[in-house]
Amino acid sequence: MPNNSSRGKSPAVETQLRSEIASLSRQVSLDEPVRLGSESALAARFGVARNTLRSALTRLADEGLIHSEPARGWFVGTRPDAAPGANLASIVRELREEARAATPGAEFATAPGVADRFGVALHIARQALTILGTEGLLVSKHGKGWFVSEEG
């Protein structure tokens, strides 16, 4: 990467990936998913830390240019099974209603479960659950998932 500062690497990776995605979109039919690679492979390719790479990938995913599939890697375009209109705000709204109606202390969800249910990238599912956690509706139990808050 041309810029060696930590602040400069993520935008540089994002710019390079954006260019590659545009080129791929012109060259091939995107009816079939085009795999960009795993996070570890992409981080090694760009010579950056995974957190730096994730920042770039998250911005591109938020724009709908790419998506992740657990244990498979990152792909060009939106997930083929994405629910129509599924976005962070709509997912948070729906999960918020469910959390308020659920029994305190009950198991609520896992990020992969939310991602599969709504057909969105794992990072979107994590964001939705984290938002509900900051609102005090859910509590994360490491390695077990999210539970309805006993205090909410």
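Is E14 buried or exposed? E14 is buried, because its relative accessible area is 12%, and the cut-off for buried is under 20%. This is a predicted model, and E14 is one way into it.

## Overall make-up

The protein chain has six helices and six strands. From the N terminus on, the elements run α-β-α-α-β-β-α-β-α-α-β-β.

Of the 152 residues, 39% count as buried. The chain exposes about 8600 Å². Carbon and sulfur atoms supply 50% of that area. Take the contacts between residues at least 6 apart in sequence: 57% of them join residues at least 24 apart.

## The largest nonpolar core

In soluble globular proteins, nonpolar side chains tend to be buried together. Here the largest nonpolar core holds 22 residues. I91, L95, F108, V114, L129 and L138 touch the most other members. Five elements give two or more residues to this core: α4 (88-101), β4 (107-109), α5 (111-118), α6 (122-134) and β6 (145-148). Helix α6 supplies the largest share, six residues.

F108 shows how these parts meet. Beyond its neighbours within four places in sequence, F108 is in contact with L95, E98, A99, L129, L138, W146, F147 and V148. A second, separate core has 17 residues, including V34, A43, F46 and A56.

## Helix α3

Helix α3 covers residues 50-62, 13 residues in total. At 1.5 Å a residue, α3 should span 18 Å. Its end C-alpha atoms are 18 Å apart, so the expected and modelled spans agree.

Several α3 residues are buried: T52, L53, A56, L57, L60 and A61. An α-helix has 3.6 residues a turn, so residues three or four places apart point the same way. A56 also belongs to the second core. Just after α3, G64 takes a positive phi of about 80°.

## The β2-β3 hairpin

Strand β2 spans residues 66-69. Strand β3 spans residues 73-76. The two pair in the antiparallel sense over four bridges. One bridge partner is easy to find: H67 pairs with F75 in β3. The hairpin has three residues between the strands. There, A71 takes a positive phi near 65°.

In a regular strand the side chains alternate between the two faces of the sheet. In β2, I66 and S68 point one way. H67 and E69 point the other way. All four of these residues are buried.

## Salt bridges

Side chains of opposite charge can pair when their charged atoms come close. The structure holds nine salt bridges. One joins R18 and E14, with the closest N and O atoms 2.6 Å apart. Both residues lie in helix α1 (residues 6-27). They sit four residues apart, about one turn of the helix. R18 is partly exposed, with a relative accessible area of 30%, whereas E14 is buried at 12%. Salt bridges that share partners join E14, R18 and R59 into one network.

Other bridges link distant parts of the chain. E94 and R117 meet at 2.7 Å, N to O. E94 lies in helix α4 and R117 in helix α5, 23 residues apart. Both ends are partly exposed: E94 has a relative accessible area of 36%, and R117 has 43%. E135 and R96 also meet at 2.7 Å, N to O. E135 lies in the loop between α6 and β5 (138-141), and R96 lies in helix α4. The pair is 39 residues apart. E135 is partly exposed at 38%, whereas R96 is buried at 18%.

## Where α6 meets the hairpin

Which residues does L122 contact, leaving aside its neighbours within four places in sequence? They are S68, A111, P112 and A115. L122 lies in helix α6, and S68 lies in strand β2.

L122 is buried, with a relative accessible area of 12%. L122 and P70 are 52 residues apart along the chain. Their C-alpha atoms are separated by 7.2 Å.

Technical notes:
Residues are numbered from 1 along each chain as its sequence is written. This is a predicted model: local features need pLDDT of at least 70, side-chain atom pairs count only at pLDDT 80 or more; totals for chains, interfaces and linings use all residues. Side-chain values use heavy atoms; hydrogens and water are left out. A nonpolar core is a set of buried Ala, Val, Leu, Ile, Met, Phe, Trp, Tyr and Cys residues joined through side-chain atoms within 4.5 Å. Buried means under 20% relative accessible area, exposed over 50%, partly exposed in between (1.4 Å probe, protein chains only). Contact means heavy atoms within 4.5 Å. Two strands pair if DSSP finds at least two bridges between them. The expected span of a helix is 1.5 Å times one less than its number of residues. Accessible areas come from the Shrake-Rupley method with a 1.4 Å probe; for residues, only the protein chains shown count as cover. A salt bridge is a side-chain nitrogen of Lys or Arg within 4 Å of a carboxyl oxygen of Asp or Glu.
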